[in-house]
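Thanks for coming. I will keep this short and stick to what can be computed from the coordinates.

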Amino acid sequence: MKKLGFIGNPNCGKSALFNTLTGGDARVGNWPGVTVERKEGIWKKEGYLCVDLPGVYSFSPYTPEERVALGFIIEEKPDVLLQVIDCTALERSLYLTTQILELDLPLVVALNMRELAQAQGIAIEAATLSEILGIPVVEISAITGEGQAALAEALGLALQKGRKGKTILAQDKLWPKLLPLVQPYLGKPQGLFLGIRNLERQETVDWEGNIAALRYAFSVACCQKVTKQGVAKRDETERLDGLFLHPLLGIPIFLLLMAFLFHMTFSLSFFGTGFPSPGVFFKQGMEYAITILGDMILRFFPQMPDWGKAFFSEGIVGGVGKAVSFLPQILCLFFWLTFLEDSGYMARTAFLLNKPMGWLGISGRAFLPLLTGFGCSVPAMLGARTMEREESRKITRLIIPFFSCGAKLPLYVLLVGTLFPKHGGLLFFCLYIGGVLVGAVWARILKKRIFSGKEAPFIMEMPRYHWPRGDTLMQTLYRRGKEYLIKAATVILGASILIWLASHMTLELEMTMDSSQSILSFIGRGITPFFTPLGFAAGEDGWKATAAILSGFAAKEAVVSTLGVLGGGEELFTPLSAFSFMVFHLLSIPCVAAVSAYWLEEKSVLRLLFALCLWLFTAWIAAFLVYHIGGRLLFAFSGLL
Amino acid sequence: MQTSLSGLRPKERAKVIGFSCEKAVLRRLLELGITKNTYLFCMRWAPLQGAIEVWVRGYRLAIGYEDAKGILIEKEGKQVEKIGLHWQSELRKERPF
């Protein structure tokens, strides 16, 4: 089967065409070594193996997308290339074309988005363009599927004829100077292309700038010959942007959208109706279903000893339930994330938030994953994938746990409610904002010291708005869901079982129902001295606080229930020690599910260890400072509480 | 008068006359069509002056404030009264992009 590569600028509709031709059967994976997606599919009608390359503006090997495209052409040697061009951006698109023309490869150009061009008064003469470029030019509509026959014909013809690379630079007076530098490459496969690429990469800025100017000069001249410009009208995207990018309304609208998204996924009372939101509804539904299932299975084994039943229903079913219960909220989140991304709105948020995010030292696209962290860290960790640079993703994932998740709330409610009758609300606010500030500080530190410390340039095309395609959306959801279940869920299940065993087995490895005899409390007692300086693990019952923290590793909600089970609850604390306890709870290592999600995304044990240390260290220092300095301050201002 | 892109106000047009930025940024600008003698039209600024949105070579491009400082321009002054229904045609009357 002939291999057909789809190439083109980002947002030109290349992927839409790809989907239309391959029928949405694409196999999606990653290019080796990078997180850039690779899509392969078969155009059954014409028998081509299609590969969808990432959108690129040129072939400079500086971003992973460009390297991937280059690598594909040189190493995988496709039989023919199809460049999809957005008619409304012809001048810019031809830049890439002049580079592709330098390849010894059959090439066909497909002009897409003709309807949009018409609305802007632009009419392009495909025949003239074809003559100038020396390759077939076909008009298509990626979404409706128009032009497929002509496309197939053009591809067949191009393949038959074959093609040798030509460069537009040869027409310029600079060429005699450039030719000697390119000469050594000629004669080898893709010699002309690689030779000129080498030229562009020279350290003297002049070559690159000059060559770029030549390419654009050609493009402009070409456009003048083939484009007829009529009356242009403001298109829908611009009209919508009048609202979404409004200097005053833009950010509030964004915040509203985020609040809505958040509400849909995490809220316990959907728009005040008292019904849970879709995210929570399905989550509870799954937990319920799994519990029922577990009970049904248990009935087949009435002779099992008590601990066996407990192991099964609490350990396994509980573990599975927990792992799977995140799925609806993850899917809900990814649905909205993908929807906003595909529709083109996310680009607007990057534009609107460039300044505020600069203060925090993180990319504007971190806003959504971080906001999600207020609900649950697990989908937040996964959501960080939508960010562009790996470095930003790493930093974001590290600070997500500082954004106090929903499961941490019960503890605050308990302690604030009983020990801080006045100023309760203020304390809540301080805790949440404190988390954000700690995250921001770490983001700045990590960016400067550990990571490169250089700001990524913010130069971004504003894509058009369009309704995301339902089928691609569903495909993404399916892929993400499957991936989560296979990878993360298994880890979460495994860890939950381990923790259950640790809290139900004695040191002699006998089962026990008394958790104070378990391995977990043994460990708890052992490490209590570590927590004593923080104020809340002192005295005889100090180990209970420690055990509660340890149980928090299984689930943050468990901290409260452990305190209850071990006896004591809020009596174990003074207001000050409660405050430091909550600070520790806020900042320390998140639950096993979040840690697993982190590991799943980072894929490195080393980074996992670094993260665990960072979280633990931060929590410890913060709690220490709160307890001791707080203590001094309170002594001076006694009566505040 | 020579200034950088960070000083271009909405509805003003300018010509690019040079760059004072890192190679990485320059490359990106070049491949997106911002070369010497290119015309940029400022559509808006993001809140808090975080980034500028320009109309260049027929499409819309967002550039962060810091990166805009590295693009040296020569202003041509205000081109349209408001970005209304046919603003593109207004611009093209004088200078087809």
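I will go through the interface of the two chains, then a surface patch on chain A.

One caution before the numbers: this is a predicted model.

Let me start with the contacts. On the chain B side there are 41 residues in contact with chain A, and they meet 45 residues of chain A. The size of an interface is often given as the accessible area lost when the parts come together. Here the area buried between chain B and chain A is about 3800 Å². Carbon and sulfur atoms give 58% of that area. E31(B), R57(B) and R60(B) supply 18% of the area that chain B buries against chain A, and no other three residues supply more.

Now the polar side. Across the interface of chain B and chain A, the rule finds four salt bridges. One salt bridge joins K23(B) to E208(A), with the closest N and O atoms 3.5 Å apart. The rule also finds twelve residue pairs in polar contact across the interface, both residues being at pLDDT 80 or more.

Which elements of chain B each supply at least two residues of the side that touches chain A? They are α1 (23-31), β3 (39-45), β4 (51-56), β5 (59-64), α2 (65-68) and α3 (87-94). With eight residues, α1(B) gives the most to that side.

Last, the patch. Y288(A), I292(A), L293(A), M296(A), I297(A), F300(A) and F301(A) make a nonpolar surface patch of about 750 Å². F300(A) is in the loop between α12 (278-298) and α13 (306-343) of chain A. F300(A) counts as exposed because its relative accessible area is 66%, and the cut-off for exposed is over 50%.

Terms used:
Residues are numbered from 1 along each chain as its sequence is written. Chains are lettered from A and ligands numbered from 1 in the order in which they are written. This is a predicted model: local features need pLDDT of at least 70, side-chain atom pairs count only at pLDDT 80 or more; totals for chains, interfaces and linings use all residues. Side-chain values use heavy atoms; hydrogens and water are left out. Patches are made of residues with over 30% relative accessible area and no salt bridge: like charges are joined within 9 Å, nonpolar side chains (Val, Leu, Ile, Met, Phe, Trp, Tyr) within 5 Å. Accessible areas come from the Shrake-Rupley method with a 1.4 Å probe; for residues, only the protein chains shown count as cover. A salt bridge is a side-chain nitrogen of Lys or Arg within 4 Å of a carboxyl oxygen of Asp or Glu. Helices (H or I, at least four residues) and strands (E, at least two) are DSSP runs, numbered from the N terminus. Buried means under 20% relative accessible area, exposed over 50%, partly exposed in between (1.4 Å probe, protein chains only). Contact means heavy atoms within 4.5 Å. Buried area is the accessible area (1.4 Å probe) that two parts lose on being put together, summed over both. A polar contact is a pair of N or O atoms within 3.5 Å; within protein, one must be able to donate a hydrogen and the other to accept it, and residues adjacent in sequence count only if both atoms are side-chain atoms.
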